[in-house]
Amino acid sequence: MTRHVYLAAALVLSCAAPQKPQITDAADRTERDRSMDAHRKPLPMLAFFGVGSGMRVGELGAGGGYSTELFARSAGPEGAVFAQDTPNWDGPGLTKAWQGRLARPVMKNTTHIIRQWDEPFPPDLKDLDAVYSVAVYHDAIAEKSDTGRMNRAVFAALKPGGVYAIIDNSARPGTGAAEVERLHRIDEQLVRDEVQRAGFKLVGESDFLRNPSDPRDWNADSTVNKTHSQDRFALKFVKDSSAVARSDNPLLAPWDGPFGGVPPFGKFKVADIKTAMEEGIAQELADVDGIANDSQPPDFANTIVAMERAGQPLNRASAVFGIYTSTMNDEEMQKIQSDISPKLAALQDKIVQNPKLFARVAAVYEKRDGLQLTPQQQRLLWLDYTGFVRQGAKLDEAAKKQLADLNQQLATLSTRFSQNLLAEEGTQMVLLEKESDLAGLSPALREQAAAAAASQGKPGKWAIVNTRSSTDPFLTFSTRRDLREKVWRMFIMRGDNGDAHDNNATIAQILKLRAQKAHLLGYPSYAHWKLEDQMAKTPERTVELMEAVWKPAVQRVREEVADMQAIANKEKTRIRGGAGSAGDGRSPKGAAPIEPWDYRFYAEKVRKAKYDLDENDVKPYLQLEKLREGMFWVAGQLFGFKFVPVAEGSVPVYQSDVRVWEVQDQDGRHLGLWYFDPYARPGKNSGAWMNEYRPQSHLLDQPVIVSNNANFVKGKDGEPILISWDDADTLFHEFGHALHGLNSNVTYPQLAGTNVPRDYVEFPSQLLERWLSTRQVLDQFALHFQTGQPVPADLVKKIERTETFNQGFKTVEYLSSALVDMKLHLAKEPTADPRQFEKDTLAALGMPREIVMRHRTAQFHHIFADGYEAGYYSYLWSDTLSTDAYEAFLEASGPYDKAVAKRLHDDVFSVGNTVDPAEGYRAFRGHDAGIGALMRRRGFATGDATARTRSTP
């Protein structure tokens, strides 16, 4: 997911004191110049530019000299003005006009020069205080000039800290230079990017020339530019002498290359990541000081929008930092992560605890009703203000210091937890020495195990590595009960082995510090603080929902275990290693009782007995690459997307297995990029996830870049990778997150894509899982890896009949984790013994002995290293939404109903966090979601299905 908005702030330097009216009231001004004042607004312009007595000023594209004379009057006799025009503009009319203007006494400090745009000033002209460009930057582009060279020439002419200020006619966001020639308008983000690329730093912007009444009729007649009434932007930059500007670190520079720029993989060393993060943090702090000390009255543009725009060098470096800490986290990177994580936490605190910055945010918030803000702007302002308050902006200085110390400690402990887990997942395995150890495994699983052993330096053997995608298939199919137990214990004991990587002491410290943080901020528990800005609002409402589902889920487990035990009792084969009285795996009454390492194995037998469906019957049809194609097809049907593979080598990647697709809309317009990193490797986090390299934003004129990451075991070259139904389900789930990001269509990056409350973000992803089992996907993309034939109709019917199969197990293993998470963070006194707390909590819940938590406490990465603390309930909350939402399709013409898909796009997938999630869902569905659809989906008794997931108690 992207850094929190409060790690991004902008610098707005103070402008000069307001200009005195006598500059415009001077008796010797011409009537023509006076007539232009109404739409040029000279006094606000001069104040924004900061023109003062004695300044040496350059001007690009002086034209008739209206602005030039204002600069000359402001600079005075001791100042100097160098007004540039291009040869294309030079002619008898302009020459005559300038002869008359320069003859006036007030213009004796002015030199008019004719030079090309890309070399606007003589090489010996140095140490200018400022260079101004008024409504001509678009002309330089229209004349096919090298504006990058022009900006560098301006940079060279300015003294350190010199100002480069630009006013121009505003084009539609995202249009770049497309409207330059016909409409004389330019996308301001293009200007921002070009000027900053030349070494300047954006320090201010103003809306004094903004024109809300501009009809923005982009098919207007050719005289539209003659009125001078169109919407205009005003930007101020300084010649940057900071470490970031001087740095040649590619991680800080704007991304170049195709598709709006791409991460600079291959252009940096791992050590550069640390340097880039440190320099980016320093720049961010300088930006914050600037915005906090701005002498201009705070408004939405110079405070709220400024925070959205800035921090780009750190944003770019942080994107790569996140990629490497999750997918390439070797020993060198882990050291960098340990060093940088607390520094990021400290940066966050310094931003939100800056009293002057918060005063500006609060001032804008207090006058919000009179600002005529759009709904999206109102949402952004509310999130900023409440975010500052929730992070301690109103605390006294002593409490702020204590909070900052807590946050840095928590960042360090979170990194330690993650690295302990990564160490055990990356090094532990169960090595299978002989053929008999492979009993029950399919040829495909045997090949994957062989490849895993080879990757661990054990060629000729087989390995079950310590990841879910490796252990789950073994637990499902291996007939070696003794090895199943060994593999199961390896996996469920991650982080809980009493060794150097044991996480229990770290967890106890985390819980203690989180409780202290909550109390410092005025909340009864950490859970109450965390849920305040989520859909659920209070932990009590989440517990109510979880307990409503828990009881029927446990009852279903009892039924599932009874079915398994019946099969086990019926089998005559003696089972080694069980809990029988003779130690031979058999109880006095027959088979050994079902143990946790038996559950998947016997569940598969029940599936076969009750539904005549064996997972091995389905798996040959589930090819990873075909399912990827199926996901693309679904995205096309629902949202009109097209996925076009980029040419190999045209976009750099961080690892050779990573592939990239361009995402286009149905008209072929570029929307974003999708990176796919599917295979397990050392240094990569376990599980599957979506990552956002760059959020979509019209404000920043940047298309989105997302990735999907998984841990499938890579097979032999050229052979298809077959995956389980559960893994296919996860594949679609994570692709749902990617589509949430790719559909984003918002102005401000903080509100983009998946940057929504935790208990809402899983809704789009869980919803997309439903399309895996649609006939259209199965018929076209569930193709046998050998014959190429689609999955048979009778097998599809069997899959449909097993829709609710094993839901007791799936729900209980998840809910037990979610309930333990919530109770850990609700406890009045944080536990000092997480292992015992887990045991006691599960006993109180009546946890079935045959099941273990999906994430035991010592390995619960979601809640101790991934931001889901007191939030793992989110999957159930979101599934309440997703099951109800899917019924909207079923109530229409089916899963591919175009009208429902359009509502889904318009009200859910495209809006990000621009609207309250509950309101967005209600707009899509027409009502709040009850739990009835959830219970039906899982095959549970519905009970009280009238409860609704409202966002207010």
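**Exercise 1. Q807 and its surroundings**

Q807 lies in helix α31; determine whether Q807 is buried or partly exposed, and state which residues Q807 touches beyond its sequence neighbours.

*Solution.* The model is a predicted one, in which local features need pLDDT of at least 70 and side-chain atom pairs count only at pLDDT 80 or more, whereas totals for chains, interfaces and linings use all residues. Residues are numbered from 1 along each chain as its sequence is written, and side-chain values use heavy atoms, with hydrogens and water left out.

Step 1: the helix assignment. Helices (H or I, at least four residues) and strands (E, at least two) are DSSP runs, numbered from the N terminus.

Step 2: the accessibility class. Buried means under 20% relative accessible area, exposed over 50%, and partly exposed in between (1.4 Å probe, protein chains only). Q807 has a relative accessibility of 11% and therefore counts as buried.

Step 3: the contacts, meaning heavy atoms within 4.5 Å. Residues up to four places away in sequence being left out, Q807 touches E560, R938 and F940.

**Exercise 2. The largest cavity**

State how many cavities of 30 Å³ or more are counted, and describe the lining of the largest cavity by element and by class.

*Solution.* Step 1: the rule. On a 1 Å grid over the protein atoms alone, a cavity is a set of points where a 1.4 Å probe fits but cannot get out; a pocket is an open set with protein on both sides within 12 Å along at least five of seven lines; and lining residues have an atom within 4 Å of a point. Grid points are joined across faces, edges and corners, and a volume is the space filled by probe spheres set on the points.

Step 2: the count and the volume. There are 6 cavities of 30 Å³ or more, and the largest cavity holds about 180 Å³ of space.

Step 3: the lining. Of the 17 residues that line the largest cavity, W488, R600, F809, E813 and V852 lie nearest its centre. Two or more lining residues come from each of α19 (468-477), α20 (481-492), α24 (599-611) and α31 (807-826).

Step 4: the classes. Ala, Val, Leu, Ile, Met, Phe, Trp, Tyr, Cys and Pro count as nonpolar, Asp, Glu, Lys and Arg as charged, and the others, Gly among them, as polar. The lining of the largest cavity has 11 nonpolar and 6 charged residues, and no polar ones.

**Exercise 3. The second largest pocket and two of its elements**

Identify the residues nearest the centre of the second largest pocket, and examine Q376 of helix α16 and strand β6.

*Solution.* Step 1: the pocket. The second largest pocket contains about 1100 Å³ of space. Its lining comprises 34 residues, with R210, D231, T374, Q377 and Y748 nearest the centre.

Step 2: the contributing elements. At least two lining residues each are supplied by α9 (188-197), β6 (200-206), β7 (232-239), α12 (300-309) and α16 (375-390). Helix α12 gives the most, with 4 residues. By class, the lining divides into 13 nonpolar, 10 polar and 11 charged residues.

Step 3: Q376 in α16. Q376 counts as buried because its relative accessibility is 18%. Apart from residues up to four places away in sequence, Q376 touches V746, T747, Y748, L751 and T914.

Step 4: β6. This strand is mostly covered, with 6 of its 7 residues buried. Strands pair if DSSP finds at least two bridges between them; β6 and β7 are joined by 6 bridges and run antiparallel. Within this pair, G204 stands opposite K236 in β7.

**Exercise 4. The nonpolar cores**

Name the residues with the most contacts inside the largest nonpolar core, and list the contacts of L739.

*Solution.* Step 1: the term. A nonpolar core is a set of buried Ala, Val, Leu, Ile, Met, Phe, Trp, Tyr and Cys residues joined through side-chain atoms within 4.5 Å.

Step 2: the largest core. It has 126 residues, and F643, W674, F735 and L739 have the most contacts inside it. Helix α23 (residues 539-570) provides the largest share of this core, 12 residues.

Step 3: L739. Neighbours within four places in sequence aside, L739 is in contact with A635, F639, F641, F643, L768 and F909.

Step 4: the second core. A separate core of 59 residues includes V288, I291, F388 and Y654.
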